[in-house]
2 protein chains.
Amino acid sequence: MQKTKVAIVGLGTVGSGVARLLLDHGDRTARHAGRTLWLERAVVRDLDKPRDVDLPAGILTDDVEAVYDDPEIAVVAHLVGGLEPARTIMIRLLEAGKDVVTANKALLADHGPELFTLARKLGRTIAFEASVAGGIPIITNISQCLSANGILSLEGILNGTSNFILSQMDRQGVAYSEAVAEAQRLGFAEADPTMDVDGSDAAQKLAILAHLAFGAQVDWRQIPRVGIDSLDIDDLRYAADLGYAIKLLAEAKLVDGKLDLHVSPTLIKRRTPLAEVHGAFNAVRVVGDAVGPVFYHGQGAGQMPTASAVVADLIDTAVGRTRLTFETLEPFSTASPPRVSLRNSDELPGRYYFRLRAMDHPGTLAAITGVFGKHRLSIASVLQQDRAEADASSAAEDCVPLMIMSHEGAEGAGRAVAEEIESLGVVRGHVTRLRVKNP
Amino acid sequence: MQKTKVAIVGLGTVGSGVARLLLDHGDRTARHAGRTLWLERAVVRDLDKPRDVDLPAGILTDDVEAVYDDPEIAVVAHLVGGLEPARTIMIRLLEAGKDVVTANKALLADHGPELFTLARKLGRTIAFEASVAGGIPIITNISQCLSANGILSLEGILNGTSNFILSQMDRQGVAYSEAVAEAQRLGFAEADPTMDVDGSDAAQKLAILAHLAFGAQVDWRQIPRVGIDSLDIDDLRYAADLGYAIKLLAEAKLVDGKLDLHVSPTLIKRRTPLAEVHGAFNAVRVVGDAVGPVFYHGQGAGQMPTASAVVADLIDTAVGRTRLTFETLEPFSTASPPRVSLRNSDELPGRYYFRLRAMDHPGTLAAITGVFGKHRLSIASVLQQDRAEADASSAAEDCVPLMIMSHEGAEGAGRAVAEEIESLGVVRGHVTRLRVKNP
């Protein structure tokens, strides 16, 4: 049987999983690839660090040049995180004639056009199924399985860390900080979870999916995003009282030929599929103009789900499918203009949930609701809690919690309402504003 | 731009949808295929029949030989249902040097090995995404996206007609026959819905998926199957009282290295994903040993969802991906022995729901429960309705409805219990026995 020599650069959690699949299940990968995927090298920074995979002698090295210099290594799983040296390693691998498989979505989000242009110039390929939504093969599904469709919308829970934290808060009734600590303890959040909880990670993934699904060329920093770090346990409680769960939702939707893109904690009616995505799971719902809605649910991250995506890419690359897709679809190409432009985020339509702590004085509610009227955002429901039932801190400050749900209006109006209410002098602290998903 | 000439044989509902995608969205298919997919011919039986798609002059023909004889037609969407002349047309197309895309699962289930062997001999390919689960691209997901996994189990709602009928019965409270009539009226069921409602269609699809996912080589007629035609509206009501929905579930599961396969109406806990699949939708849940559970939900049939799958296959075939997958995976090959054997269906483990109409005499319940004891199937719960509350027909016949849920036991024991109770002379009519899904 033919043999394709493979290397892994970066033998962390995912890399060890990839090594295990290649070493322990060679028969399986050979059946799908029509050739043996032979693990030739695994590059690590520290040879002495303990690992959870046993490698045959001679595979482990701390010298990445050994991979660049071996012309027999055809495909490399690039599993180095962050931007540098990840970018330089990717460039060197391509220049050395390797096809590359990567899980690094931050690298693609920031350097996709540069790296893919280089790969095309050198006649190489980059596969990146593992970069978005771990165990859900959403990249292949969008670029290949749904290729007969014009995609109308795509929405997803793309950050498993945030979803785990929200699930903990919702189910255990614990505060945000406590849920973050639990997520770190269980390995679902990194020591510095900023990129996860502030919505950056989800925005990077959304930028990649919006490129593939809509032909958008968007810097993820342009995507309006709110993270879960702005949430209070009270928001989850009030949402639950109203029949909603709160999820960090990434949305892309074509409206009048322009693309709405945003990432934000969103109230979603319970008992609907996206509201029932729990723990570190991810989900994506795609609506195509031919296929209608297709819903995917699977593990968002973790060693083996991500390794599954990496090895599927190694197989696709060894078989040659990756090359065919890469050459026809030209991902991250900036040679053609974007097929779609973004809508002004002020025009994004939406329904909103506002939570604020209003001073318990006559005229306060009239002043607040007046702001809604001024910005022509109509109010769907108001819940003002009795001070006796409110939390201790509100009561102590002479405040009552006030929740207002709006009807549909523009994002700009929603933002203006929140800002103007904050400036009125009748509320304490920030006004929390969240999107509410239409059923 | 390069051009690949395509023909459609069979311009029914799906064929018209395929024609529309090719004619109206040529830019889209060209972008994904890297070449124009040019609709050259569409073969129909009756040229005068009205159709819901406008074809340019010269495309429509009632002479399939025009396709065989045109060497420039490279790929053909074979959308003729049934076994003959579908089989002969497929053979003629392959012999004429065409790559074929088909939606005909009955043809594959009965003649897969013959047709695929011929295609391989002739250096041609057959793509069949549209043959299972319409809008859910489950064939590509199993053969390509999840290729790093050993599949542990696969379960699905694969027959949209049955699911539509069950949803009608459950939500509208209508009888089986009425729900069938409604499904026919709305085009979700054919004039003769036998293959759908007796579980044959789901068994054919399960045979195809079990082949791809587990390497099984199984005649669909071997798969133990029960259809929804055995159900009574009372079953749905009692199941609802117990917190369950009833769905026609197709299951494939590896247990101790052997494959359990069956199709049967199954009680599934409400608020779980499979229980919440409504109307003509399909769903598939696959568990891989690396990726864990992945859940797919989409439209099971219908013009455009199925056309979406056919056109994706046309694109894959034109690009060349189909050939690579076909050559490495060798679907429906009988050259190698099956990778898995089937478990004896008597050994299938399961929990069961029994419904019967017991005579309202002393000793009846003792006699019935005694049968469970004899076959060592333990009883989890019993619900005997008061005669005053029972339906009129039971009351008139001096009977009371009795529902018994068992703990887990073997399929053989479940069947023996039902048969022996029927022979006791203390029940009227059949004993209905359904599987209960473990949560």
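This is a short tour of a predicted model with two chains, A and B.

**Confidence and symmetry**

Let's start with how sure the predictor is. For the complex as a whole, the predictor gives an ipTM of 0.95 and a pTM of 0.95. Within chain A, the average pLDDT is 92, and 97% of the residues score at least 70.

How do the chains relate to each other? Turn chain B by 180°, with a shift of 0.0 Å along the axis, and it can be laid on chain A with an RMSD of 0.0 Å. That is the relation of a two-fold axis.

**Where the chains meet**

Now for the contact between the chains: 44 residues of chain B are in contact with 44 residues of chain A. On chain B's side, the elements giving two or more residues are α2 (26-33), α6 (138-145), β11 (292-299), α12 (303-319) and α13 (321-329). Helix α12(B) brings the largest share, 9 residues. Sort that side of chain B by class and you get 22 nonpolar, 18 polar and 4 charged residues.

Do the copies meet through the same surface or through different ones? Through the same one, because 100% of the interface residues of chain B are also interface residues in chain A.

Strand β11 deserves a second look here. β11 of chain A (residues 292-299) pairs with β11(B) in the antiparallel sense, over 3 bridges. Within that pairing, A:Tyr296 stands opposite B:Tyr296.

**The six-stranded sheets**

Strands of a sheet pair through backbone hydrogen bonds, either parallel or antiparallel. In chain A, an open sheet of 6 strands uses parallel pairing, and its order is β3-β2-β1-β4-β5-β6. At the edges sit β3 (60-61) and β6 (126-127) of chain A, each pairing on one side only.

Chain B also has an open sheet of 6 strands with parallel pairing, in the order β3-β2-β1-β4-β5-β6. Its edge strands are β3 (60-61) and β6 (126-127) of chain B.

Here are some of the strand pairs in these sheets, with the number of bridges and one pair of partner residues where listed:

| Strand pair | Bridges and direction | Partner residues |
|---|---|---|
| β1(A) and β4(A) | 5 bridges, parallel | A:Val9 and A:His78 |
| β1(B) and β4(B) | 5 bridges, parallel | B:Val9 and B:His78 |
| β4(B) and β5(B) | 4 bridges, parallel | B:Val75 and B:Asp99 |
| β5(B) and β6(B) | 2 bridges, parallel | B:Val100 and B:Ile126 |

If you follow β4 in chain B (residues 73-78), you'll find it mostly covered, as 5 of its 6 residues are buried.

**Inside the fold**

In soluble globular proteins, nonpolar side chains tend to be buried together. In this model the largest nonpolar core has 286 residues, and those with the most contacts inside it are A:Leu206 and B:Leu206. Leaving out residues up to four places away in sequence, A:Leu206 touches A:Leu158, A:Ile223, A:Ala250, A:Ala252, A:Leu261 and A:Val263.

B:Pro265 is another residue to look up, and you'll find it in strand β9 (residues 258-269) of chain B. Is B:Pro265 buried or exposed? B:Pro265 counts as buried, because it has 26 C-beta neighbours inside 10 Å and the cut-off for buried is 20 or more. Beyond residues up to four places away in sequence, B:Pro265 touches B:Val226, B:Ile228, B:Leu231, B:Ile246, B:Leu248 and B:Leu434. With B:Leu434, the C-alpha atoms are separated by 6.2 Å, although the two residues are 169 residues apart along the chain.

**Backbone details in the loops**

A few loops have backbone features to check as you browse. The peptide bond from A:Glu84 to A:Pro85 is cis, with omega near 10°, and A:Pro85 lies in the loop between β4 and α4 (86-95) of chain A. In chain B, the bond from B:Glu84 to B:Pro85 is cis too, again with omega near 10°. B:Pro85 is in the loop between β4 and α4 (86-95) of chain B.

Then there's positive phi. A:Arg271 is not a glycine, yet its phi is positive, at about 70°. A:Arg271 is in the loop between β9 (258-269) and β10 (281-288) of chain A, and it counts as exposed, with 12 C-beta neighbours inside 10 Å. A:Glu330, not a glycine either, has a positive phi of about 45°. Look for A:Glu330 in the loop between α13 (321-329) and β12 (341-342) of chain A. A:Glu330 is partly exposed, with 16 other C-beta atoms within 10 Å.

Definitions and conventions
Residues are numbered from 1 along each chain as its sequence is written. Chains are lettered from A and ligands numbered from 1 in the order in which they are written. This is a predicted model: local features need pLDDT of at least 70, side-chain atom pairs count only at pLDDT 80 or more; totals for chains, interfaces and linings use all residues. Copies are superposed by least squares on the C-alpha atoms of residues with pLDDT of at least 70 in both. Two residues are in contact if their C-beta atoms, placed from the backbone, lie within 7 Å. pLDDT is the predictor's confidence in each residue, from 0 to 100. Two strands pair if DSSP finds at least two bridges between them. Ala, Val, Leu, Ile, Met, Phe, Trp, Tyr, Cys and Pro count as nonpolar, Asp, Glu, Lys and Arg as charged, and the others, Gly among them, as polar. A nonpolar core is a set of buried Ala, Val, Leu, Ile, Met, Phe, Trp, Tyr and Cys residues joined through C-beta atoms within 7 Å.
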